[in-house]
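Thanks, everyone, for making the time this morning. I would like to go through one model with you, starting from a single residue and then working outwards to the whole fold.

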Amino acid sequence: MNSQQDTIYAAATDKISDFQFDNRVAGVFNDMIRRSVPGYAQIISTIGDFADRYVTPKSNIYDLGSSLGSATLSIRRQIEQRQCRIIAVDNSESMIERCQENLSAYVSDTEVELICGDIRDIDITNASMVVLNFTLQFLPVHDRDELIAKIYQGLLPGGILVISEKLRFEDNVIQTLLDEQHLDFKRANGYSELEISQKRSALENVMRPDSLSMHQQRFTENGFSHSTVWFQCFNFASMVAIK
């Protein structure tokens, strides 16, 4: 899954538009995510490991906000011969097109249904696994509870939800510390101060992270029996919730 180098915010501009998963972003997404999200490769690899452990034969797996299909591919590699179906959903046509190209490069007996649409409109049924990999944070806050409730209802007993998110912290000292660590991570990966500043402005009205306690409360209130953070680096975390 090759991509071009991310230079979207390298040139100064007077007006910063809200961030969109458009054709420009889709073309550089692999580079962008590698240089922006610490531990992303580990998260993707472990999603596949969770699939090996939790996906049951003849069930459905949902990758909600599938982007270029990294999580879908990681899952598919681990569940051969289980007669399962993966439903990968993204509302960006550009992402779906590139996801199809990436999936076509690998032979598999596991069907993948690609849907260009709103994840809030997708019916969740007969699911042994649902993935929200840096997706929930882009939904309006008032829609998040309803989506998690729908996922819980559509999961089979023992089914797993994997959700990765950027976190906000109620302790301002911790928030500042981890924000600075993340900025250092981006600088170390070659992003300039201008790129960092302009991308932050673009995301300001689009991505609204929750606190860890809010995620945990949402899991509990919607019926999940078990949940935990399994990975965290700076202000990025991946969680599992088990029905």
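Let me begin with a question: is F134 buried or exposed? Keep in mind, while you look, that what is on the screen is a predicted model. The answer is that F134 is buried, with a relative accessible area of 10%. The residue lies in the loop between β4 and α5, the latter covering 141–154, and its phi is positive, about 55°, although F134 is not a glycine.

Q81 makes a useful companion to it. Here too phi is positive in a residue other than glycine, with a value near 70°, and here too the residue lies in a loop, in this case the one between α3 and β2 (85–90). Q81, however, is exposed, because its relative accessible area is 65% and the cut-off for exposed is over 50%.

Let me now step back to the overall picture. The protein has eight helices and seven strands, and its C-alpha atoms fill a box of roughly 50 × 40 × 30 Å along the principal axes. For 243 residues, a compact globule would have a radius of gyration near 18 Å, and the protein, at 18 Å, agrees with that. Buried residues make up 51% of the 243, and among contacts with a separation of 6 or more, 80% are between residues 24 or more positions apart. The accessible surface comes to about 11,600 Å², of which 46% belongs to carbon and sulfur atoms. As for charge, there are 23 positive and 33 negative side chains, and the centres of the two sets lie 2 Å apart.

Turning to the interior, the largest nonpolar core has 40 residues, and I47, I61, I75, I79, M129 and V162 are those with the most contacts inside it. Several elements give two or more residues to this core, including the helices α1 (23–36) and α2 (40–54) and the strands β4 (127–133) and β5 (155–166). If we take M129 and leave aside residues up to four places away in sequence, its contacts include I47, F50, I61, I75, I160 and V162. There is also a second, separate core of 23 residues, with Y62, I119, I124 and I151 among its members.

Y62 brings us to I122, which is found in the loop between β3 (111–116) and β4. I122 counts as buried, at 11% relative accessibility, and, again not counting residues up to four places away, it touches Y62, V89, I115 and K150. The C-alpha atoms of I122 and Y191, which are 69 residues apart along the chain, are separated by 36 Å.

Finally, which residues does Y9 touch, not counting those up to four places away in sequence? They are F19, L194, E195, Q198, K199 and A202. Y9 lies in the segment before α1 and is buried, with a relative accessible area of 11%. Within α7, the buried residues are E195, I196, Q198, K199, A202 and L203, and the buried residues of this helix pack against α1 and α6 (172–188). By contrast with those contacts, the C-alpha atoms of Y9 and G39, 30 residues apart along the chain, are separated by 23 Å.

I will stop there and take questions.

Terms used. Residues are numbered from 1 along each chain as its sequence is written. Side-chain values use heavy atoms; hydrogens and water are left out. Helices (H or I, at least four residues) and strands (E, at least two) are DSSP runs, numbered from the N terminus. The radius of gyration is taken over C-alpha atoms; the globule rule is 2.2 Å times the number of residues to the power 0.38. Buried means under 20% relative accessible area, exposed over 50%, partly exposed in between (1.4 Å probe, protein chains only). Contact means heavy atoms within 4.5 Å. Accessible areas come from the Shrake-Rupley method with a 1.4 Å probe; for residues, only the protein chains shown count as cover. Lys and Arg count as positive and Asp and Glu as negative; His and the chain ends are not counted. The place of a charge is taken as NZ of Lys, CZ of Arg, CG of Asp or CD of Glu. A nonpolar core is a set of buried Ala, Val, Leu, Ile, Met, Phe, Trp, Tyr and Cys residues joined through side-chain atoms within 4.5 Å.
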